[in-house]
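Got the viewer open? Here is a short tour, one selection at a time.

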Amino acid sequence: MAPLTLVIGNKNYSSWSLRAWLLMKHVGLQFEEIVIALDTPETREEIDKHGPSGRVPVLRHGDLRVWDSLAICEYVAELTGKGWPQSREVRAQARSVCAEMHSGFITLRSLWPMNARARNRRTVVTAALEADIERIEEMWNDCRARFGSGGPWLFGEYTIADAMYAPVVLRFNTYGARISQTARWYMASVLEDGALQEWLQAAKQEPSTIAADEVG
Ligand SMILES: N[C@@H](CCC(=O)N[C@@H](CS)C(=O)NCC(=O)O)C(=O)O
């Protein structure tokens with residue numbers, strides 16, 4: 001197989017990059033990573049060397065370029081046969097959960113930017129933010145209750161859904177989301193995960209900061 005290269009942004013801030021990177025670690029793919037510093041005068045030029053959208057992550061596989069975190073996760077699932085639940089019905093639920101994340105939660109994403117190494121940040125929790133948090137909590141609890149018996153993840157085994165929500169767990173951790181005990185157990189599984197820990201260690205070492213994402 002041709003070598004895989006994943007092009008990502010700063011580990012401290014790039015929530016979309018984290019999704020693809022985590023999934024690739026969990027399915028056991030070997031890959032090289034290229035980290036591009038976001039929010040610099042050279043960012044666009046550097047990203048343009050790898051993909052057409054001006055955004056990261058981008059997965060390079062031989063001549064193929066796959067951009068967009070969910071498209072990368074889908075490609076990885078096709079390459080490896082891992083990442084989605086086996087049952088068609090459950091897979092449809094997992095895809096719904098991922099799509100809801102990919103196309104929604106705009107308030108959460110804008111008011112609580114991912115800042116992996118930051119702790120004890122606090123902001124005003126608006127009604128719209130509260131609604132996003134409540135919906136995510138409801139979704140996690142529903143997945144865990146209906147599909148989670150085979151392991152600690154949303155669908156038991158690790159799936160793309162867990163990779164998609166890992167940045168949300170980091171946001172909740174940074175800004176102190178008030179959520180139920182069951183949702184906190186799921187958060188604990190994500191935070192203790194070895195691959196996520198590896199990412200967090202690297203995020204801590206990054207020297208740069210992005211002022212717009214230093215909130216609270
Ligand atoms: N829908 C895209 C969004 C990717 C995205 O917005 N990436 C941000 C970084 S997390 C980016 O590349 N920003 C470009 C920049 O900051 O110049 C995906 O899922 O991959």
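**Stop one: around the ligand**

Start with the shell around the ligand, which by class holds four nonpolar, five polar and two charged residues. In that count, Ala, Val, Leu, Ile, Met, Phe, Trp, Tyr, Cys and Pro are nonpolar, Asp, Glu, Lys and Arg are charged, and the others, Gly among them, are polar. This is a predicted model, where local features need pLDDT of at least 70, side-chain atom pairs count only at pLDDT 80 or more, and totals for chains, interfaces and linings use all residues. Residues are numbered from 1 along each chain as its sequence is written, and side-chain values use heavy atoms, with hydrogens and water left out.

To see the shell, select S14, W16, L38, T43, G54, R55, V56, P57, D68, S69 and H102 (a residue is near if one of its heavy atoms lies within 4 Å of the molecule).

Now show the side chain of S69: one of its N or O atoms is 2.6 Å from a ligand oxygen. Move to V56, where a polar backbone atom is 2.8 Å from an oxygen of the ligand. Then pick R55, with a side-chain N or O atom 3.3 Å from a ligand oxygen. Turn on a surface next: the protein covers 76% of the 520 Å² of accessible area that the ligand has on its own (Shrake-Rupley method, 1.4 Å probe).

**Stop two: the cysteines**

How many disulfides does a search of the whole structure find? Zero, taking a disulfide as a pair of cysteine sulfur atoms within 2.5 Å. Select C73 to see why: its sulfur is 7.5 Å from the closest cysteine sulfur, in C98, too far for a bond. C73 is buried, at 0% relative accessible area, and C98 is buried too, at 1% (buried means under 20%, with a 1.4 Å probe and protein chains only).

Notes: A polar contact is a pair of N or O atoms within 3.5 Å; within protein, one must be able to donate a hydrogen and the other to accept it, and residues adjacent in sequence count only if both atoms are side-chain atoms. Buried means under 20% relative accessible area, exposed over 50%, partly exposed in between (1.4 Å probe, protein chains only).
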